[in-house]
Amino acid sequence: MGALEVRNLTKDFVIRNGFKKTSLRAVNDVSFTLEPGKTIAIVGESGSGKSTVARMIAKLETPSSGEILLDGTPSAQRGASLAKYRHDVQMVFQDPFASLNPFHSIRHHLERPLRIHKVARTQKDVDAAVEELLTRVNLTPAKVFAEKRPHEMSGGQRQRVAIARALAPGARFLIADEPVSMLDVSIRLGVLNLLARLQREENLGVLYITHDLATARHFSDEIIVMFRGNIVERGPSDDVILNPQHEYTKLLLSAAPDPKNQGKLRDEVRNELASTATASGEATAVRDRFGTAGL
Amino acid sequence: MSTSTVSARPAGDAGAGPGAIPVLTASNISIEYQVTPVVQAVKDVSLTLHRGEILGLAGESGCGKTTLAYGLNQLLKPPALRTSGEIVLHDKDGHDIDVAALSGNALRAFRWDKVSMVFQGAMNALNPVISIKAQLFDVFDTHRPGMSRKEKTQRSRELLELVGVDPKRLDSYAHELSGGMRQRVMIAMALALNPQVMIMDEPTTALDVVVQRGILREIMRLREQLGFAVIFITHDLPMLLEISDRIAVMLQGEIVELNSAEAIYAAPAHEYTRKLLASFPSLTGERGAFVRAGGDTEDNTGEVA
Amino acid sequence: MADDIREAQAVTPAADAAPAASVVVDGLPPENHTPGIEPDVPITSPDAFAVASTDGPAPKRGLRAMLPRRSGKLIVGLALVIAIIVFSIIGPFFTQSPTSTENQQYLPPSSEHWLGTNHLGVDIFAQLANGGAGSLMVGLVAGTLALVLSLCFGIIAGYVGGWTDEILKFITNVMLVIPGLPLVIVISAYLSTRSLWIVALILGFTAWAGAAIVLRLQAKSLRSRDYVYAAKVAGEKTHRIILVEILPNLLPLLAANFLGAVLLAILGEAGLSYLGLGPSGSITWGTILNQASANGALAQQMWWWFVPPGLMIALFGCGLALINFSIDEIINPKLRQAPAAVKSVRKARKSRATQRPSGPSAVASAPVAPRDDEKVKA
């Protein structure tokens, strides 16, 4: 079983403003190798380029330079080579409300990849495969769920359908672009656990794109931290989180809320204000200015 | 309500410190959506907000937290209808204002003056076609008709400075500002009339963590300096734990638990609170405590029925 | 599965209004998307509930959700349109030949000639019944042609983008700025003999540009939906994405455009015929009007000659417009929901007010406690 390798991936977006053309480098020289059975998390804020990396690997964007190699061979952006690539590399999108077509039943969403990639040919095989997929993502009774429409399901259920769709062609690599950030907090872990179980059982390679450091740490083997298109830090997930080297990683970590710190921010600010000698005087001054005085 | 409620206390006061003075009391609020069938969005909720306090309102989508916030400020739009409940604002000067009975001009005069709001989507809440300055002036024109142009400009500059935005930005339009700056401007607008209560509906959820942190600090600092009380609505329980004095957990239109942040974390009484807390893995805690341990059905990790 | 039911309430509105503000569960915007993706759906009301169950407890599925709901407008519109179509199909079997000149000329309405006869002694009722087919045929053909052209120019331009888009958009814009009726008049005047088909084609060919622009924008916005990307990742071919993933979601819009084009063509044909530039040698409602006007029906107050065809055109147009209004309500649910919401709240308030006697005591007794609390401390 080969790996999915990304070499020196770079993406420039051209922004046309009237006659002026400016180029924006969204991703700069990103390389990594995703092995089957491993999870790599790409962590970053909006504008870090992490989603662009995901979209390039999903072949929704064409890299400006660099290569994506599957089992050591580069793949084209079109034709039979792309079809083969899509068979192996699939994607789960961020917003389960947008990634399922409101017009079609769940069955349609699962049936299409099965037929396109010739996983099942006869109607009977397809029906069986659809049911099996739904069962694998714990949407049972599968027969009932298959006939539903997306708007009849909750966010968590929709995301499970999206995962099932990604698995349908028999994918070996899964790109999960913020797969739980649009879901209610209490169902997030369920979806992540599902991904983890599938990965374990089917030896999937998972690229987990997220802004959430905590789940990145617990869910992945390796973490890549991106900032403005560049990789600023990478390493085994515990090392990156517990012993960050780069300033930006440290900043991210310090900004992430941790349930263990009740009242931390509240008291921090209070102490800061108290410690500055003039703080109390200043506070009254401000309060006066914005209180009765002036208005 | 929470099990730790002392019997002498009014409903919705659990977990408050001894010297707390109420500023907003809401009792037995019920809000329905008049659709067929009628949806009970908020069921018999009682809350007491104290001066200078940050009260966190935690819950997931559809739990009624936003509806409750709109209800507190008489902002409900059809088909939402408050079917019962009293909302009383205990004004600084000692008067009690029956918010529920306000309407028309009295309500308009009350709204931004005593209780202001910061909405989730600053891009939608700010008017895209007029400048920040014009929007701030609008607030003054409505509520402080006596102010001169110079005073208004002066005050607007002060406000932006207060929230950490360069006063030069006064002439900017909403789309020219970054997400964080927009949200700061929203807070400045909410501060404009020096309200006693600010209701913040997911003010930072659309922002990156670093920016979010900065804005939360700003809110904390302003609260210390100006002494307003905050109802902070979010689904992000860890964040609430870091900033709130007290936290109310909402589920299906009801407040299932209300207590101090410390108590909520140390001894969550309601099953749903425990479930919510368990949904946020600790950043630095034991690795792998939750993932890869099976249990990936929605019944196991899904919402409490 | 209790959680499903609970969440479903909050989730339903998302069906037609994808990532609107209320649906952003944890507020994270769809970040890092390609430029040009914007929420292209109306923002729903503050809380998800608001729009949720207006549809009733059972959410409608797929195609059914796209059918207009039964309303006064729809029923009247359908009744008018169907009645006129049926009249135009069945009518000719029960009337004289519309070309027979054996009757007396200029007869007023009678039991024998319901709408009298014209200057040639032709039964006007017979003309009316037979002219319907002509007018409707022109409408149908022109409407279909306009629909097909607007689909080609709109959807392909919007979906494919790039140079294709630029070229198709340019053609569309040119067609849009050419004033329609004068062009039609010039073309019609240029052709010495005009069959119904020619007139229909001319009308259809000049009426598609407006719809194409709307469809282009819609297709552009649908193209950047995640479900279209998901179909791409799944390996779907472009034509299948357009036909199977995008087009069905545009059905209400297409229907509205089609009805609009039909209406425009029928009116256009009537106008052309009235000017004497209509189909030569066939009977339509427009040609009846033309003959009536040419023979001074108005001056002689022979209302039975010009009112019926005019009324037929007006009623048919009215019917189509009414159907279009109810289709509009599917495309933009707010048109229906906002007034309904206000009504339901008013009703609830009223019913509550009548129960008042038992109310106040319960409310008043509840909460004044905190004030005592404060006094004690103060």
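The following dialogue between a student and a tutor asks how certain descriptions of this predicted model are reached.

Tutor: Residues are numbered from 1 along each chain as its sequence is written, and chains are lettered from A in the order in which they are written. Because the model is predicted, local features need pLDDT of at least 70 and side-chain atom pairs count only at pLDDT 80 or more, while totals for chains, interfaces and linings use all residues.

Student: Why is Gly253(B) called buried?

Tutor: A residue is buried if 20 or more other C-beta atoms, placed from the backbone, lie within 10 Å of its own, exposed if 12 or fewer, and partly exposed in between. Gly253(B) has 24 C-beta neighbours inside 10 Å, and therefore it counts as buried. Buried residues make up 57% of the 305 residues in chain B.

Student: What makes a residue one that Gly253(B) touches?

Tutor: Two residues are in contact if their C-beta atoms, placed from the backbone, lie within 7 Å. Leaving out residues up to four places away in sequence, Gly253(B) touches several residues, including Gln40(B), Val42(B) and Cys63(B).

Student: Where in chain B is Gly253(B) placed, and what is said of Gln252(B)?

Tutor: Gly253(B) is in the loop between β9 (246–251) and β10 (254–260) of chain B, and the place of Gln252(B) is also in the loop between β9 and β10. Strands here are DSSP runs of E with at least two residues, helices are runs of H or I with at least four, and both are numbered from the N terminus. Gln252(B) has 21 C-beta neighbours inside 10 Å, so it counts as buried.

Student: What makes the phi of Gln252(B) worth pointing out?

Tutor: Most residues other than glycine have a negative phi. The phi of Gln252(B) is near 50°, a positive value in a residue other than glycine. In chain A, Lys59(A) has a phi near 65°, which is positive as well, and Lys59(A) lies in the loop between α1 (50–57) and β4 (65–70) of that chain. With 20 C-beta neighbours inside 10 Å, Lys59(A) counts as buried.

Student: How do you know that β1 and β2 of chain B pair?

Tutor: Two strands pair if DSSP finds at least two bridges between them. Strand β1 (residues 22–33) of chain B and β2(B) have eight bridges in the antiparallel sense, so they pair by that definition. Within this pairing, Ile29(B) stands opposite Val45(B) in β2(B).

Student: Why are β2 and β5 of chain B said to stand at the edges?

Tutor: The open sheet has four strands in the order β2-β1-β4-β5 (chain B), with antiparallel pairing. β2 (39–50) and β5 (96–98) of chain B each have a single partner strand, so one side of each is left without a neighbour in the sheet.

Student: Why is the peptide bond from Pro78(B) to Pro79(B) singled out?

Tutor: Most peptide bonds are trans. The bond from Pro78(B) to Pro79(B) is cis, with omega near 5°, and Pro79(B) lies in the loop between α1 and β4 of chain B. Another cis bond runs from Thr140(A) to Pro141(A), with omega near 0°.

Student: How confident is the predictor in chain A?

Tutor: pLDDT is the predictor's confidence in each residue, from 0 to 100. The mean pLDDT of chain A is 87, and 93% of its residues reach 70 or more. Over residues 277–284 of chain A, however, pLDDT stays under 50, and over residues 286–295 it is below 50 too.
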